Amino acid sequence: MRLFHLGWVYPPRFSWTLRASSKWCLPGIHCLTCDAVWSSTGEGYPSVDLSSLPDSKKLRPRVEEDFAEFNRLRELVRPLVPEGVPLRTGATLGPLVGTGRGHFPELLFPAPAQLAIRREALEQLQAEGVRGLMGCPTELRLRGKDAPELLELQIEPRGLLHPACLPRGLPAPCVTCGRQSFTLPKEPILEAASLPDDRDLFRLANFTTVIVATERFVETAWRLRFEEVEFRELRLL
């Protein structure tokens with residue numbers, strides 16, 4: 001099995017702008033145990049609809065000082081997201097909301113760890129047998145003639161970096177908030193036993209900004225000439 005880190009092309013080949021953010025998110029926290037003020041990046045569930053949740057107004061970018069309150073909000077959301085996902089601070093929820101204009105490629109990054117796709121591109125990938133892709137409706141207002149329909153891909157955390165590539169002496173996660181801070185290794189290695197076998201696109205649960213594509217996804221994207229993404233092969237152990 002060959003796996004690849006999916007990233008964006010820079011400088012971009014297409015001219016477009018997009019000012020958008022997710023409708024809801026779990027707040028950042030100030031943990032009194034480790035004294036860190038933090039919010040993670042990358043984990044997102046655009047399929048989730050929290051409009052009927054009484055406390056949905058509290059699910060926005062801010063810092064929550066009371067970890068018990070943060071945990072209460074997280075547990076309100078948990079039945080609505082896929083089973084077993086981390087649901088860390090900063091996890092985004094619901095559709096992308098915003099405006100944009102320009103010439104949009106087949107795949108694009110509204111933010112460094114979010115991936116959007118034109119509807120026709122998603123249908124092409126699915127027709128070619130790429131597995132496990134969930135395109136979620138957005139609330140984007142795109143200007144310009146023949147503006148496409150953009151969907152956000154829900155990319156779930158399903159694999160892990162192998163301990164062999166993590167820093168030596170890495171402290172254990174905080175017992176309260178779970179924070180464990182380290183930078184992405186220059187040569188990431190994936191833990192083979194942790195990887196899913198039912199999907200061709202996923203993100204790493206212990207480094208959620210890393211989006212991983214299978215060889216099937218990569219070969220299909222190349223064949224369809226998707227231009228605004230690039231792939232770097234990853235090692236497995």
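A strand, as I use the word here, is a DSSP run of E with at least two residues, and strands are numbered from the N terminus. That settles what β1 and β2 mean in these notes. I'm working from a predicted model.

**Entry 1, the loop after β1.** I went to Pro 11 and found it in the loop between β1 and β2, the latter being residues 16-25. I checked the peptide bond leading into it: from Tyr 10 to Pro 11 the bond is cis, and omega sits near 0°.

**Entry 2, the whole chain.** I counted elements next and got three helices and 17 strands. The radius of gyration comes out at 18 Å, close to the 18 Å that the globule rule gives for 237 residues, so the protein is as compact as a globular protein of that length. I also noted the span of the C-alpha trace along the principal axes, about 50 × 45 × 30 Å.

How much of the protein is buried? Buried residues are 49% of the 237. For contacts with a separation of 6 or more, I see 77% coming from residues 24 or more positions apart.

**Entry 3, surface and charge.** The exposed area is about 12300 Å², and carbon and sulfur atoms supply 50% of that. I tallied 30 positive and 30 negative side chains; the centres of the two sets are 4 Å apart.

**Entry 4, helix α3.** Which residues of α3 are buried? In this helix, residues 215-223, I list Phe 217, Val 218, Thr 220 and Ala 221. Looking down the axis of α3, I find its buried residues within an arc of 170°, so they line one face of the helix.

Then I asked what covers the buried residues of α3. Among the elements doing so are the strands β1 (3-8), β8 (107-111), β15 (201-204), β16 (207-214) and β17 (229-236), along with helix α2 (119-127). So β1, the strand before the Pro 11 loop, turns up here as part of that cover.

**Entry 5, positive phi.** Just after α3 I stopped at Arg 225, where phi is positive at about 65°. Arg 225 belongs to the loop between α3 and β17. Buried or exposed? Arg 225 has a relative accessible area of 67%, and the cut-off for exposed is over 50%, so I put it down as exposed.

Asp 35 also went in the notebook: its phi is positive, about 65°, although it is not a glycine. I placed Asp 35 in the loop between β3 (28-30) and β4 (37-38). Its relative accessibility is 56%, so Asp 35 counts as exposed.

Key:
Residues are numbered from 1 along each chain as its sequence is written. This is a predicted model: local features need pLDDT of at least 70, side-chain atom pairs count only at pLDDT 80 or more; totals for chains, interfaces and linings use all residues. Side-chain values use heavy atoms; hydrogens and water are left out. The radius of gyration is taken over C-alpha atoms; the globule rule is 2.2 Å times the number of residues to the power 0.38. Buried means under 20% relative accessible area, exposed over 50%, partly exposed in between (1.4 Å probe, protein chains only). Contact means heavy atoms within 4.5 Å. Accessible areas come from the Shrake-Rupley method with a 1.4 Å probe; for residues, only the protein chains shown count as cover. Lys and Arg count as positive and Asp and Glu as negative; His and the chain ends are not counted. The place of a charge is taken as NZ of Lys, CZ of Arg, CG of Asp or CD of Glu. The arc is that of the directions from the helix axis to the C-beta atoms.
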